[in-house]
Structures are given as structure tokens and as C-alpha cells.
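The following exercises are to be worked through with the sequence and the structure at hand. Each task is followed by a solution in steps.

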Number of protein chains: 2
Amino acid sequence: MENKANNKHIRPTESELEILTVLWERGASTVREVHEILEKQKEVGYTTTLKLMQIMHEKGLLQRDASARTHIYEAAVPREETQAQLLNKMIDTVFSGSASQLVMQALGGHRSSREEIDRIREYLNEIDKKQS
Amino acid sequence: MENKANNKHIRPTESELEILTVLWERGASTVREVHEILEKQKEVGYTTTLKLMQIMHEKGLLQRDASARTHIYEAAVPREETQAQLLNKMIDTVFSGSASQLVMQALGGHRSSREEIDRIREYLNEIDKKQS
DNA sequence: ATTTGATTACGAAGACATTCGTATAAAGGA
DNA sequence: TCCTTTATACGAATGTCTTCGTAATCAAAT
């Protein structure tokens, strides 16, 4: 037994997600590096960030190299999979299982740019091709 | 002062969302009616449902008619607005602000039906018309 | 060697969320 | 009237998230 979270349910909390996002974008990083980025977004103490990352490591959300004095952390869960996980939950609980409902709401509320809309159209076309 | 949650942030929790969904679909209901539906979805005690609904009332998520012995509860927050709220938060925290990213992820994972895709296409067209 | 600064480890407090037992009150039937 | 059922109210226990103070450890500088 090693990893507590090798099961399907990746459910990071709000704060954990912030840290994951930093690591997804930066790649392997120290606590200090992560903390310095978080500090720009909100007020938070260093040991808070540290503790969170330690807990995330216990949960299996992060992996770390502790061979050197300064540990190096890395996301242990893939970004897309995590996004999909959270999204599906939202589709179920908030949109009663209707993905299109969610999509329309997303497009409606979030003033989307012309570019974004075009990109989505292309994406729909691709799905069509694959399905036919 | 009356309503604690007349501000912008509608942030129901998981359980609260379940209750809101029931009320959005059924309309005004008693605790027992809500509870009976929740019971089908998960194991939960009656007083738990009651307590939750009372708390939600305090928070301003529900309004109630307490004139009769059996109180009648109703959602005090509109469904679409709540959905938008949660969705926008997710776009920000999980998808770094990109709605199209979220949309594609939603369409990709949740293998959507042809009908759904067509509906979304139409919707995109409507957005275009309004913007031009 | 001593001091200073950075890092991890530990523990605990505070805030919510969730759960439910128990008390109390009202309503309806026997 | 008295008993049973059904409601609400209240409080408390539990769990989780978040926060941070303090101690211990190590490295580097003086």
C-alpha cells in the first residue's frame, strides 16, 4: 500500500486546486515557488501552503522528491482527468445530467469571444466526423 | 436586515444543491416531500433533511411559509443564476478562465448525442446573430 | 563555533458542513 | 380525554478544510 488515491475519485478542494494549477503550469516545483505564486493571488502564509502540499502528498494528489533538503513537488494527477472528474460531477449535480445544458449556460453567461465560438464549432465538426 | 444572502455569492454546498434541485423541479414543497425524494438517492435521516433546509432558510437559499404547522419551502435563488455562478467559478478555478476549454472537455468526456450537438450548434448560431 | 535564515514536521485551533438524537408541540383518531 | 403520529426546534458530535504558531533540523555565512 502506498498511494491512497489511486482510486477513481479525484476530488481536490478549492485550495488544492489552486496548488494543482500552479504545478500543472509550472511543472515540478518547491513549496516556496508555489507559495510565491499563490501569494500574488491571495494572502496566505508560507506554512499554510506547506501544510496543504504535505496533505496533498498524503492523499496522493502530489508526489515529491524528498531526497534533498528542499523537497520537490509535482502533480500526481493528470490535469485533463481531474477537470473531467469535476466537470462530470457538476453536470450530474448542477445540470441534472445534461451536458448540453451546461455548455449553453457556459456560453451564455461567460461572454465568449468570437474566436472561442469558432473553436467550439470546429470541435463539433470533429466530433461529427468521428461519429459518422 | 432580513436576508443574509442577497449578495452576489450563491454558493450552495453539495447537499444543499441536492435539495435545491428537488425544489427547482417540484416547486414549493414540504420537508417530507423533499426528504422522500432524497431518500431514493441516498440514505439520509429525516431530521437531517429538516436541519439542512432550516439552515438554508437562514442563509437565504430557501424561503418558507411557516403560517401552517407544516412549513412549505421554496427555492429563493433562481436555478439559472445559481448554475451560472457555480459554472463561472469552475471556469476560473479549474479551466483557468477558458470557457471553450470547459465546453470541449464537457463534450469530449460526456459522449454527447447527435441531437445534443445539433442543439449546441444552433445555439452558437444564435449567439452569432446577437453579436453581429 | 556561532549565528542567522530557510525548510520541514507537528499539532492544534477555528470555521463550516453534515449528521442525527432528543425534546417539544400540534393534530387527529380511539 | 388520551394516545399515537408527525412536525419543528435545538444542541451536540463528528468530520473535513483551512490556517498558522512553534519546534526541530539543516545549511550557509560570519
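A residue is called buried under 20% relative accessible area, exposed over 50%, and partly exposed in between (1.4 Å probe, protein chains only). The model is predicted: local features need pLDDT of at least 70, side-chain atom pairs count only at pLDDT 80 or more, and totals for chains, interfaces and linings use all residues. Residues are numbered from 1 along each chain as its sequence is written, chains are lettered from A and ligands numbered from 1 in the order in which they are written, and side-chain values use heavy atoms, without hydrogens and water.

**Exercise 1.** Determine whether B:Ser96 is buried, partly exposed or exposed.

Solution. Its relative accessible area is 42%, so B:Ser96 is partly exposed. Next, locate the residue: B:Ser96 lies in the loop between α4 and α5 (99-109) of chain B, where helices (H or I, at least four residues) and strands (E, at least two) are DSSP runs numbered from the N terminus. Finally, consider the backbone. Most residues other than glycine have a negative phi. B:Ser96 is not a glycine, yet has a positive phi of about 50°.

**Exercise 2.** Compare the expected span of helix α1 of chain A with the distance between its end C-alpha atoms.

Solution. The expected span is 1.5 Å times one less than the number of residues. For the 13 residues of α1 (residues 14-26) of chain A this gives 18 Å; the end C-alpha atoms are 19 Å apart, which agrees. After α1(A) comes A:Gly27, with a positive phi near 80°.

**Exercise 3.** Describe how β1(A) and β2(A) are joined.

Solution. The two strands run antiparallel and share four bridges; strands pair if DSSP finds at least two bridges between them. A hairpin of six residues connects β1(A) to β2(A).
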